[in-house]
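The following note comments on one helix packing and on aromatic pairs. Please read the points with the structure at hand.

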Amino acid sequence: MAVQMRCGRCDRSVSFEQIASDEPLFCPRCKGPLAAAPKHEAAPWWIHSGSQTTKIDPVDAVVPRPPEGVEPFFRSGMADSRLAIISVALGGIGFGMAWLPQLGLQYAALGMSGLGLSIALAILGRMLLRRRAGCGLLLAAAFVNGQALAVTLYFLRTPISSEAVDGAANETERVHDNTTPQTIQTAAPSMSEWLKLLDRDKLSLVLGGRDLKGRRDCVFAVGEVGRRLLDTVGHLADRLDDEDAAVRAAAAEALGKLGPLSKGAYPPLMHASKNDVDRDVRRAAQSALERIGPLGPTDATFLTFCLKYDGNANFRASTAQTLLTIGMLPDDALHALHGALKDGDVRVRVFAAQTLWINRREAGEVVEVLRAAVRESKDGAVRAGAAYALGSIGKAARVALRDLRELLQREEDGEARLRAAEALYSIAEDVVGAVPELRKLLGDKSPSVRGLAAEALGRIGARAASAVEELRGLLVKDEDRVRASAAFALGGIGKDAKSAVPDLIAVLRTGKGEVREQIVAALGAIGPDAVESAPALIEMLHQESDSVRARAAFALGSMGRGARKAVPSLNELLKKSRDSGERLILAQALWRIERDGEEIVPVLLDLLKERDVRLRLATVEVLGEMGSAARLAVPTLREVHGEAIDELRRAVEQAQEQIGTATKDDLDDLLKAISSKKPSYRLAAAQALLPLAADAGDAVAALVEALKVHDPEFRLAVVAVLGAVGEKAGEATPALVELLAVKDVEFQAAVLEALAAIGPAALKAVPVLIRSLKSEEHLLRANAAFALGSIGREPTNAAKLEQQRTRDALKEALLPLKDAALHDKDIDVRLYAAQALYSLTRQTDPTVNVLKTCLNEKDSIGIRVAAAEALADIGPRCRDADKEIVPLLVKLWKTDREEVRRAAFEALKKIAPAEVAPGRR
């Protein structure tokens with residue numbers, strides 16, 4: 001029988017089946033003492049239903065009694081109920097997460113719904129085994145988790161291209177398209193619908209999302225798209241020959257959008273950019289070439305891959321041709337080209353053979369492949385290409401002459417016959433076989449063939465003079481591009497085409513563009529025999545086209561003195577022109593017409609200062625062409641020769657041989673040139689006078705007059721010439737002294753050097769030199785001291801009376817020199833002042849002491865060398881003045897740098913010869 005007890009602390013009721021002893025009982029929860037609960041009986045409940053009344057026990061009203069043999073659910077404990085609630089919560093959360101694929105939480109939703117379903121099924125199974133009631137909550141949990149699991153698996157299995165992209169941007173797609181996107185599984189999209197799948201915004205959304213599988217699929221898909229696009233380059237290149245201009249333009253634009261991936265399509269794009277009849281196609285091809293970028297050696301690996309593995313024969317041929325334009329290739333590319341010689345497509349074999357010849361210069365296998373193409377190919381363009389390649393190989397392809405002659409006999413394609421004729425001339429210079437055939441092709445129905453045949457005749461040159469009449473016919477009557485080719489051919493033939501000059505003049509006045517340029521060039525090539533065209537060429541000097549003006553100037557120059565009427569126009573254009581290349585051509589033309597070096601040399605000297613090496617090379621060549629008239633440019637050429645550019649140095653050496661060396665006979669011309677009003681010309685004249693200064697004693701008056709020109713660079717050059725003249729330039733001393741007022745330290749130093757070089761004849765400069773000893777600039781002080789010492793030396797061929805006057809005049813300089821030698825803070829000044837003191841007084845004190853200090857100067861090799869040389873000039877007297885001089889020189893001779901050792905050795909030879917005797921070395 002159950003016993004009811006109540007806790008005195010927490011007031012809870014506790015039921016016991018029986019009480020085993022009389023010991024006090026405690027609450028199992030709070031451990032408080034238990035007491036017997038008051039007894040009471042529950043009142044029965046009466047339920048009235050219609051005419052019946054039923055009595056119900058209170059316990060039955062609270063908890064319905066289950067059927068017999070079934071245990072109620074809530075009586076099994078709270079654990080199962082809590083787990084059931086958790087299962088329902090997991091299923092709900094997983095279901096919500098599964099419907100948000102853009103968050104990338106599908107795997108988390110899969111785990112949660114799977115766990116919730118497992119819990120629900122486990123509890124439900126245990127209830128069914130124990131026959132418990134209350135399964136509704138567990139069935140709901142199982143349903144929710146199962147639904148969440150199904151939705152999650154559905155989204156995980158949906159491809160990225162259909163659901164992950166379109167689902168992530170579903171609202172944007174509806175706004176723009178107003179259509180329901182279809183997945184790839186339900187219907188294959190059209191080509192235009194594929195563009196939607198590659199939309200940048202959609203891809204960015206997926207690639208930046210949290211769904212790992214979505215990111216992986218997207219990256220893989222984009223890479224696969226790129227690989228397949230590479231496979232389409234060859235097909236797009238094929239469409240550059242489409243009959244519809246819009247398709248050709250679109251193909252060129254598509255190749256441009258692919259960028260560097262389209263480098264294998266470079267040749268057909270280049271052809272389309274120049275030769276397509278539709279302007280839009282030409283523009284699209286040119287734009288594509290710019291976006292693809294220039295070809296370089298680094299592209300060889302990519303192009304080799306395309307050559308090996310691309311399935312499109314047209315593209316493989318284009319790739320081989322592209323490799324041809326790159327030049328020297330790595331070994332792996334050459335190996336691939338060797339393999340391409342056996343390609344199933346003859347065009348690939350021909351271009352591979354050409355490329356191999358350019359890189360290896362091995363004719364054997366290459367020539368055989370090309371000969372086979374000439375003999376066996378059914379495509380006229382291929383036969384033409386093979387013949388052209390044989391012609392480019394030249395004499396090494398002699399074995400193919402018979403094939404080329406047979407091709408000429410049976411060939412119907414005009415371009416193939418043209419290339420075969422060109423090859424005959426290139427390989428064997430077979431004019432008899434080539435020129436007649438090319439003359440026939442001048443009447444071909446194809447404008448392209450006519451133009452190419454004319455160009456081929458122009459390259460043959462004077463040996464194609466028999467074709468002049470046919471070329472004149474093309475020049476007058478044919479279309480513009482053929483007329484340009486005919487003019488080119490007439491220019492190539494040269495003076496033998498003088499009969500065509502009237503036609504050239506007539507077409508020049510009406511022609512435009514390339515036709516006009518080629519005609520002007522042809523008239524220049526014909527030369528003096530085309531002098532009647534000078535008025536028309538003078539008109540061309542005023543054209544807007546730079547190319548036409550330059551060619552017209554060159555043509556007028558080639559006509560020589562016969563084109564003197566063009567001189568004013570050429571001079572005017574030379575003054576206005578700012579283009580260096582055009583100025584060079586104008587200067588050359590003026591020289592050839594007038595032979596006036598004074599006008600031309602300054603322009604050429606300015607051009608030698610440009611950075612463009614090619615321009616400078618051309619300028620040097622023009623100076624060489626001028627010969628002795630360009631002798632003023634020799635000093636500048638000498639400077640250019642000192643640069644580390646081999647090609648430029650060789651050109652200068654050749655020009656110097658053509659110009660020659662200035663001699664005494666050139667003095668009058670050079671003296672006349674220093675009075676020129678052209679700054680660069682008179683400067684060049686002064687620089688050219690320097691090597692001849694020893695013979696320019698009679699020109700001192702002219703040089704003094706030149707010092708009045710207010711041009712610092714020119715006056716500096718004249719000062720150098722006066723210094724090189726030496727004692728004969730004594731009359732220039734007053735003018736040089738005036739120049740010391742110029743506030744430029746470097747210029748003043750140069751004037752002092754010139755006075756020092758003049759020596760005793762510059763006696764009038766002594767007061768100014770004494771003042772310069774007190775200058776704040778050490779360079780001026782040193783040069784002034786050196787100049788005073790030079791003035792004090794014994795003049796050559798001078799009377800003793802004059803020597804004495806010189807020494808008397810220099811007495812005022814002794815004290816400043818001694819002060820500078822002993823106390824100046826700059827060692828250079830002390831050195832030169834000491835030398836000057838000895839030169840003036842011939843006293844070893846204090847000169848030797850100062851020179852000994854200079855020998856101990858560790859920071860300057862030049863000072864030690866100069867001091868040793870000064871001691872050598874003094875000779876044995878310095879040994880008596882200071883006993884330490886000889887040991888110090890011996891030490892320098894044995895331990896110092898090579899330059900110092902040499903100077904010390906020479907000083908010891910004069911001061912103490914026994915120290916350097918062979919036995920003591």
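1. Helices α28 and α30 are roughly parallel to each other, because the angle between them falls under the 35 degrees that sets this class. In this predicted model, α28 (residues 546-558) and α30 (residues 580-594) pack at about 20°, and their axes are 7 Å apart. Their crossing is left-handed.

2. On the α28 side, the contact is formed by D546, R549, A550, A553, F554, L556, G557 and S558, and on the α30 side by E582, I585, L586, Q588, A589, R592 and I593. By character, the residues of this contact comprise eight nonpolar, three polar and four charged.

3. Three aromatic pairs are present in the structure. One of them joins F786 and Y832: the ring centres are 5.5 Å apart and the planes stand at 75°, so the pair is edge-to-face. F786 belongs to helix α42 (residues 778-791) and Y832 to helix α45 (residues 827-841), so the pair ties together parts that lie 46 residues apart in sequence.

4. Both rings of that pair belong to partly exposed residues: F786 has a relative accessible area of 41%, and Y832 has one of 26%.

5. A further pair consists of W893 and F905, whose ring centres are 5.9 Å apart; their planes meet at 40°, so this pair is tilted. W893 is in helix α49 (residues 885-895) and F905 in helix α50 (residues 898-911), twelve residues apart, and the pair thus links distant parts of the chain.

6. W893 counts as buried, at 12% relative accessibility. F905 likewise counts as buried, at 17%.

Conventions:
Residues numbered from 1 in each chain as written. Predicted model: local features only at pLDDT ≥ 70, side-chain atom pairs only at ≥ 80, totals over all residues. Heavy atoms only, no water. Axes fitted to C-alpha atoms, helices over the stretch in contact; angles between N-to-C directions. Helix = DSSP H or I, 4+ residues; strand = E, 2+ residues; numbered from the N terminus. Parallel < 35°, antiparallel > 145°, perpendicular 65-115°, else oblique. Left-handed = near helix turned anticlockwise from the far one by under 90°. Contact = heavy atoms within 4.5 Å. Nonpolar A, V, L, I, M, F, W, Y, C, P; charged D, E, K, R; others polar. Phe/Tyr/Trp six-rings, centres within 6.5 Å; stacked < 30°, edge-to-face > 60°. Buried < 20%, exposed > 50% of the residue type's maximum accessible area, 1.4 Å probe, protein only.
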